[in-house]
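User: I would like to go through this model step by step, starting with how its helices pack and then turning to its strands and cavities. Please reason each answer through before giving the final value or name.

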Amino acid sequence: MAIQQIPVRETFLPFYRAYLDDDEKAEVLDSLDSGWLTTGPKTKRFEADFAAYTGQKHAVAMNSCTAALHVAMVAAGLREGDEVITPSMTFPSAVNEMVHERITPVLIDIEPDTLNMDVDLVESLITERTKAIVPVHFAGHPVEQDRLRALADKHGLLILGDAAHATESRFRGRHVSAWEDATAYSFYATKNLSTGEGGMLTTNDDALADQARLLSLHGMSRDAWKRYTEAGYKHWDIVTPGYKYNMPDLMGALGLHQLRKLPSFTAKRQQLCQYYDAAFADLRDYLVPLQVRDHVDSAYHLYVLQIKSENLTIDRDGMLDGYQRHKIGIGVHFRALHLHPWYQENRGYRRGMYPKTEYASDRVVSLPLFTALSREDQDYVIEVTRHLILSHRK
Ligand SMILES: *Cc1c(COP(=O)(O)O)cnc(C)c1O
């Protein structure tokens with residue numbers, strides 16, 4: 001029997017839409033009225049609130065997570081020739097910054113059920129040059145942090161976490177930052193807490209925080225907020241050649257209110273993920289969802305399915321075309337870093353080096369997942385997914 005075609009919706013359903021309401025609008029208008037646009041009182045308040053939220057002593061706001069990762073590595077003293085272990089199943093930010101600093105990335109394969117780095121493989125990659133590990137808490141599910149922390153302590157390594165997906169995540173009841181020496185967060189347009197562009201670095205280490213603060217604003221001894229006060233003009237000195245990574249108050253204004261709403265966002269995302277899981281439960285031969293372990297609190301950043309193309313006459317890219325035809329916005333998190341042309345041509349990576357990563361890299365799609373996703377729109381995504389799968393069974 002022919003399977004019914006599904007009517008195409010009228011409007012495009014985006015992969016992500018940030019949830020911003022009157023609180024954010026009023027706060028941004030307040031900044032505009034005040035005439036203070038760059039880093040100032042709102043970003044400072046956002047930093048204080050974020051430090052409290054994550055339970056860390058210091059939070060340094062920046063204009064991206066990429067910037068926070070870069071600053072973390074430089075502030076921690078990593079330098080040319082040092083080796084850093086990090087997964088290939090990630091966004092290129094941390095590894096690109098390693099290339100800029102001539103730090104040697106040492107890529108690691110994943111565990112298939114969470115797509116997180118496989119902590120069991122870490123020890124085999126440690127050499128006398130290894131200085132740090134950059135775990136990525138994929139889709140908001142923390143890596144196995146107790147075992148990773150124990151390994152890092154045993155070998156004297158730093159853990160600089162890429163928590164771009166994991167602002168809310170906890171491992172054994174403790175925020176991801178509690179297990180790490182420094183942690184970088186993203187507030188990019190599609191992240192759970194969104195300021196459009198933005199990031200944060202948290203740490204309990206006073207010296208690392210001081211250095212990060214310095215590096216994030218040119219290496220200047222005094223930031224603008226402190227320079228232009230009623231106390232009078234103060235000269236500034238360049239004490240190290242830093243970067244221009246500070247977060248403007250217009251972004252801080254958004255962050256203040258997004259942070260307050262984050263617990264309600266997370267609860268909604270969890271519900272949406274569970275609804276997707278239930279809707280695909282009978283299709284496990286074709287669609288593999290991410291597992292969530294009992295001892296973690298996930299941030300449910302992404303709803304990722306792996307398309308088991310070996311059991312279908314359609315592959316992941318065919319699915320992407322199908323979603324496109326039905327006006328559904330889809331993400332791919334991620335095509336493995338070691339399969340990208342620059343890394344293949346300049347670092348000698350080849351297919352076959354990280355088999356589990358490659359298996360996932362070829363099969364992942366991320367379905368629409370955002371606070372304001374309606375039941376009707378989610379049902380449409382489910383219907384189209386089921387149709388594409390059921391009409392392509394081998
Ligand atoms: C989004 C993302 C980043 C980069 O965040 P920016 O704030 O855009 O720099 C880094 N790592 C991962 C895993 C990400 O998903």
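User: At roughly what angle do the axes of helix H9 and helix H13 cross?

Analyst: This is a predicted model, and in it helix H9 covers residues 249-279 while helix H13 covers residues 375-390. Two packed helices are described by the angle between their axes and the distance between the axes. For H9 and H13 the axes come within 11 Å, and the crossing angle is roughly 30°.

User: Is the crossing of H9 and H13 left-handed or right-handed, and how many charged residues does the contact have?

Analyst: H9 contributes Leu272, Tyr275, Tyr276 and Ala279 to the contact, while H13 contributes Arg375, Gln378, Asp379, Val381, Ile382 and Arg386. As H9 passes H13, the crossing is right-handed. By class, the contact has six nonpolar residues and one polar residue, and the charged residues number three.

User: Which strands are the edge strands of the open sheet that contains S6?

Analyst: The sheet is formed by three strands in the order S7-S6-S11, with antiparallel pairing. Strand S6, residues 170-171, is joined to S7 by two bridges, and within this pair Arg170 stands opposite His175. The strands that pair on one side only, and hence form the edges, are S7 (174-175) and S11 (296-297).

User: Which residue of S5 stands opposite Ala132?

Analyst: Strand S4, residues 130-133, is joined to strand S2, residues 83-87, by three bridges in a parallel arrangement, where Glu83 stands opposite Thr130. S4 also runs parallel to strand S5, residues 158-162, with two bridges joining them. In that pairing, the residue of S5 that stands opposite Ala132 is Leu158.

User: What is the approximate volume of the second largest cavity?

Analyst: The structure holds two cavities that reach the cut-off of 30 Å³ or more. The space in the second largest of them is about 40 Å³.

User: How many residues in the lining of the second largest cavity are charged?

Analyst: The lining is made up of Phe15, Tyr16, Thr190, Arg269, His301, Leu302, Tyr303, Leu367 and Leu369. Divided by class, these residues comprise six that are nonpolar and two that are polar. Arginine counts as charged, whereas histidine and threonine fall among the polar residues, so the number of charged residues in this lining is one.

How values were computed. Residues are numbered from 1 along each chain as its sequence is written. This is a predicted model: local features need pLDDT of at least 70, side-chain atom pairs count only at pLDDT 80 or more; totals for chains, interfaces and linings use all residues. Side-chain values use heavy atoms; hydrogens and water are left out. Axes are lines fitted to C-alpha atoms, for helices over the stretch in contact, and angles run from 0 to 180 degrees between N-to-C directions. Helices (H or I, at least four residues) and strands (E, at least two) are DSSP runs, numbered from the N terminus. A crossing is left-handed if the near helix is turned anticlockwise from the far one by less than a right angle, and right-handed if clockwise. Contact means heavy atoms within 4.5 Å. Two strands pair if DSSP finds at least two bridges between them. On a 1 Å grid over the protein atoms alone, a cavity is a set of points where a 1.4 Å probe fits but cannot get out, and a pocket is an open set with protein on both sides within 12 Å along at least five of seven lines; lining residues have an atom within 4 Å of a point. Grid points are joined across faces, edges and corners, and a volume is the space filled by probe spheres set on the points.
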